Amino acid sequence: RYSWLMDIRDENGKRPGEEDYDPRTLYIPPSAWKKFTPFERQYWEIKAKHWEKVVFFKKGKFYELYEKDADIGHQEFDLKMTDRVNMRMVGVPEASFEQWASQFVAKGYKVAKVDQMETALKKSMNARNSKAKEEKVIKRELSQVLTAGTLVDSGFLTNDMSAYCISIKEELQPINGVSESYMVTEDRSPPKFGVCIVDTTTATFKFSSFVDDIDRTRFETLLIQYKPKEIVIERGGLSQRTVQMLKRIIGNKDQWNVLIPEKEFWGPEKTELELKIQDYFKDSKIKENDQNRNIPDNWPSVLKQAANEPVLLSAIGGLLWYLQSLKIDRELFSLKNFSFYDPVNDASSLILDGQTLMNLEVFQNNGDGSTEGTLFELLEHCTTPFGKRQFRNWICHPLRDIDAIEDRLNASDDMLNIYVEENNSSLVDYIDTILRKLPDLERIISRIHAGSCKVKEFIQSLKAFTIIMELFINVLNSQVDHLTSKRLKEIAQFGFFDVLKEELVWFQNAFDWEKAIKDNNITPVDGYDETYDETKQAIKDIEMELQDYLRKIQKKLGSKDIVYKDLGKEIYQIQVPKRLVKSVPKDWIQMSKTQAVNRYYNANLRNDIQRLNEAKELFNDAESEVKQRIYQRFDTHYDKWLKVIKLVAEVDCLACLARCREVLGEPSCRPEFVSTLDTDMTESSVLELTELRHPCVNVGVTQDFIPNDTYLGGERPKLILLTGPNMGGKSTLLRQTCIAVIMAQIGCYVPARKCRLTPFDRIFTRIGANDNILAGQSTFMIELAETSKILKEATPRSLVILDELGRGTSTFDGFSIAYSVLNYIITQIRCIGLFSTHYGMLTEEYKNNPLVACKFMSFHSDEENHEVVFLYKLTDGICPKSYGMNVANIAGVPKSIVLQAETVAAEFEKNSKIQEA
Ligand SMILES: Nc1ncnc2c1ncn2[C@@H]1O[C@H](COP(=O)(O)OP(=O)(O)OP(=O)(O)O)[C@@H](O)[C@H]1O
Ligand SMILES: [Mg+2]
């Protein structure tokens, strides 16, 4: 229909596919603008700036989608297509907007909502007041943009877990020791990152800035920990390797917001200026008195600190621009929920880098990428959504401090051991019955701050906080003497609830909660709000006048049968029985009639009704202002409410650790932590696991998982060199060892008969799965890069897992590399480790080395039938063969090929023995 829709171009005339094409804008030629009706002009003015979004355009009681958006609605959801004069259209009723919008967002679309900014009545009121010439169309504006990573309203949220949107700024650093003028090359320069992460549902911001290694270990870890739904980046601002990593981990390009440098993705100066102009933090009590300072005093201290870091400030700037374009910047920034975040270098926790999180399938399995079979799915048994989110953090950052870990274990013991008489149940079950009643408070209080909370949710949160007060004061506090966990005791005796209790009482008195839920509106008791009371009275007065007027007319026409009748919008029609119609004054205008009556308006009445409607409009305003005022009152204590929620989340997580024990099966045990020193007084690690199982591996109904003992360090060698047939259970053993350490350091029981260990500082894993995905780099290259990283960073307190190192290259090179790496680990790093291999030569080299224990996964073999029965039992010694032929058999490789392969293998073996000799 329009030529400019047949040949799409952006506002700069670029076509899709051309470099720097901006999919957000659409070029509409001047000739087209001239021909638009006022309504079309209004629509296309908005649509041209939001071309990539699905625009929901409010029209009366409907939201309408036109042209391209109509096609999408029709194709994706089978919405009925109508052909208007100049536009194809589909529509949805206004009441179902949330439902439809969230379906579009779930499919990956961005939704822009355009609303009418005035009612027809208000419009005429305004027009009369301002005497301005009446515009032909009702004023409409973009009121909301919904995207997968930035949803805020509960109606759109389907998942308890956080959805993150992160903004990334990258800068390549000159290489150490090389003069600045030396060209910064992408391949060898370490990148510096500024990252700003936001969870819009709770208005929580995390700032991070760090210099990374060229493999971008920290950045990768951050991405895997947060798994962002949406990213904000600068056009041309990221290095090739970073872009590749984003593609690999985040995928879906629809959720990449590529902003124009400086103009949109602001640099540090522009960001600082904008933050000053917007003045998001004005409510701060600290006055700006020091004129010389660049950064205003009322900025939160975290932001002040961030402002010293240009890369970070720019990342904040990119996100700020984006949130402004979504119109949610103010509500989010003004909550001041800022903190710093370091994905890796947290000195107090067991570091699990991105590789390790992936290799061990902590949050996502390596099969279909879902959460099935992951450690998180196994352990997460929180009751509240905010507990769940907190628990994910706990798994990202297990503890390192023995006292802290023991205290968590004590807390979960308390949860199970303490018996609550009132409820006839254990503490953990009692806490669960209370927590079950809580809505997602963390999200709701940020909605209350934004003023967009639904009344029902507001009341729910008031009730929930009342319940929480009960939990803390009645339950935990009454058990204080029985608690062995210091932290639980601290929480039980937490002090500032008096203020909040008073607040809750105030809200209780200010309005009727149940009525508010029923009316979906807050009606304050009399005397609470002046404007509210006044406007309410004004309506009453006019209604009284109208009644007086009716009595006057009844008297004048001499009949009590004359009454008011409301018909739709035409209220207060004077209804006159047919027999009295003759005496109706000439200037009355007939509005409607039936067989028995006629109904009229007159000038006086019209005037009063207009006044009444206007009074009602003012009352509505006053009423919604009351709601806002009540919300604001609640919001003044935001920090305290949030603190309470965080404490409840913590209790929930501790209860979860107690509940975890049930899913571990038998035997399971409380890990025992020791701190040991070597004879030369250096730190020495120990890891002793008796009858350990992998808690996530499902081996089917007929067969049980075979437990294994793993003893490392202390009196024994620190490293196990593991051999065994293919499919024999080597990788599983490596993984389960790491999983046990993670569980122990989270403060969880371990699926073993006995577990004794020193806390570890980091788990390094090099497991040969899914490396081929990184385009442009060879498997071997990646393998070596990762290994060299381990060699550089591992300490005596680390746990290192190397699965078939050297597999990616020729046998001899691979063996040599494996040999040297192993040697370095046992003599220089001296950490605990497991090293699996298929290289017979390697085990030959180390079989008499006291620093290494050679073990293999046992099996029965039946050479005749090419059959191997796996026993999965860890056994001292060396596995003579890899039995790859057996696996070939199982995998269904034709018999003849297997037989031929065997002959060839035997030949090889003979020859290489001759060579060696
Ligand atoms: N202890 C165990 N008890 C029961 N089944 C096990 C055990 N360990 C492993 N398995 C089963 O054996 C399968 C193969 O294990 P795994 O991948 O660890 O073998 P692998 O020795 O690493 O093989 P490859 O040499 O081919 O890498 C697992 O998927 C699991 O089903
Ligand atoms: Mg393996």
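## Around ligand 1

Helix α26 (residues 730-746) is the biggest giver to the shell around ligand 1, supplying 3 residues. This is a predicted model, so take every distance below as a computed value. In total, 14 residues surround the ligand, and the closest are Ile706, Met727, Lys730, Ser731 and Thr732. Sorted by class, the shell holds 6 nonpolar, 6 polar and 2 charged residues.

Which side chains come within polar reach of an oxygen atom of ligand 1? Lys730 has a side-chain N or O atom 2.7 Å from a ligand oxygen. Asn726 offers a side-chain N or O atom at 3.1 Å from an oxygen of the ligand, and His838 has a polar side-chain atom 3.3 Å from a ligand oxygen. On its own, ligand 1 has 640 Å² of accessible area, and the protein covers 78% of that.

## The seven-stranded sheet

Now for a sheet. Here 7 strands line up in the order β13-β27-β28-β29-β25-β30-β31, making an open sheet with mixed pairing. The edges are β13 (351-352) and β31 (867-876), each of which pairs on one side only. As a general point, strands of a sheet pair through backbone hydrogen bonds, either parallel or antiparallel.

Strand β25 (residues 719-723) is a good one to click on: 5 of its 5 residues are buried. Leu719, Leu721 and Thr723 are on one side, Ile720 and Leu722 are on the other, and both faces are covered. β25 pairs with β29 in the parallel sense over 4 bridges, and Ile720 stands opposite Leu834 of β29. With strand β30 (residues 852-862), β25 again pairs in the parallel sense, this time over 5 bridges. Thr723 has Phe856 as its bridge partner in β30.

Strand β29 (residues 832-836) also runs parallel to strand β28 (residues 798-803), and 5 bridges join the two. To see this pairing residue by residue, look at Leu802, whose bridge partner in β29 is Phe835.

## Strand β10 and its partners

Strand β10 (residues 230-234) is mostly covered too, with 5 of its 5 residues buried. One side carries Glu230, Val232 and Glu234, the other carries Ile231 and Ile233, and all of these are buried. So two glutamates, Glu230 and Glu234, sit among the buried residues of this strand.

β10 pairs with strand β7 (residues 164-172) in the parallel sense over 3 bridges; there, Ser167 has Val232 of β10 as its bridge partner. β10 is also joined to strand β11 (residues 256-259) by 4 bridges, and these two run parallel as well. In that pairing, Ile233 stands opposite Val258 of β11.

## Ser162, in the loop before β7

Is Ser162 buried or exposed? Ser162 is buried, because its relative accessible area is 18%, under the 20% cut-off. You'll find this serine in the loop between β6 (140-146) and β7.

The side chain of Ser162 has polar company. It makes a polar contact with the side chain of Asp199 at 3.1 Å, and another with the side chain of Tyr164 at 3.5 Å. Setting aside residues within four places in sequence, Ser162 is in contact with Asp199, Arg389 and Arg443.

## Arg661, a buried arginine

Arg661 belongs to helix α25 (residues 638-664). Why does this arginine count as buried? Its relative accessibility is 14%, and buried means under 20%.

What does the side chain of Arg661 pair up with? There is a polar contact of 2.7 Å to the side chain of Asp413. Beyond neighbours within four places in sequence, Arg661 is in contact with Leu409, Ser412, Asp413, Leu416 and Tyr749. Asp413 therefore turns up both in the polar contact and in the contact list.

## Leu567, partly exposed

Last stop: Leu567, found in strand β16 (residues 563-567). This leucine counts as partly exposed because its relative accessibility is 34%, between the 20% and 50% cut-offs.

Not counting residues up to four places away in sequence, Leu567 touches Gln573, Ser592 and Arg599. Leu567 and Met591 are 24 residues apart in sequence, and their C-alpha atoms are 9.8 Å apart in space.

Technical notes: Residues numbered from 1 in each chain as written. Chains lettered and ligands numbered in written order. Predicted model: local features only at pLDDT ≥ 70, side-chain atom pairs only at ≥ 80, totals over all residues. Heavy atoms only, no water. Buried < 20%, exposed > 50% of the residue type's maximum accessible area, 1.4 Å probe, protein only. Polar contact = N/O pair within 3.5 Å; in protein donor to acceptor, adjacent residues only side chain to side chain. Contact = heavy atoms within 4.5 Å. Near = heavy atom within 4 Å. Areas by Shrake-Rupley, 256 points an atom, 1.4 Å probe, with all protein chains shown as cover. Nonpolar A, V, L, I, M, F, W, Y, C, P; charged D, E, K, R; others polar. Pairing = 2+ DSSP bridges.
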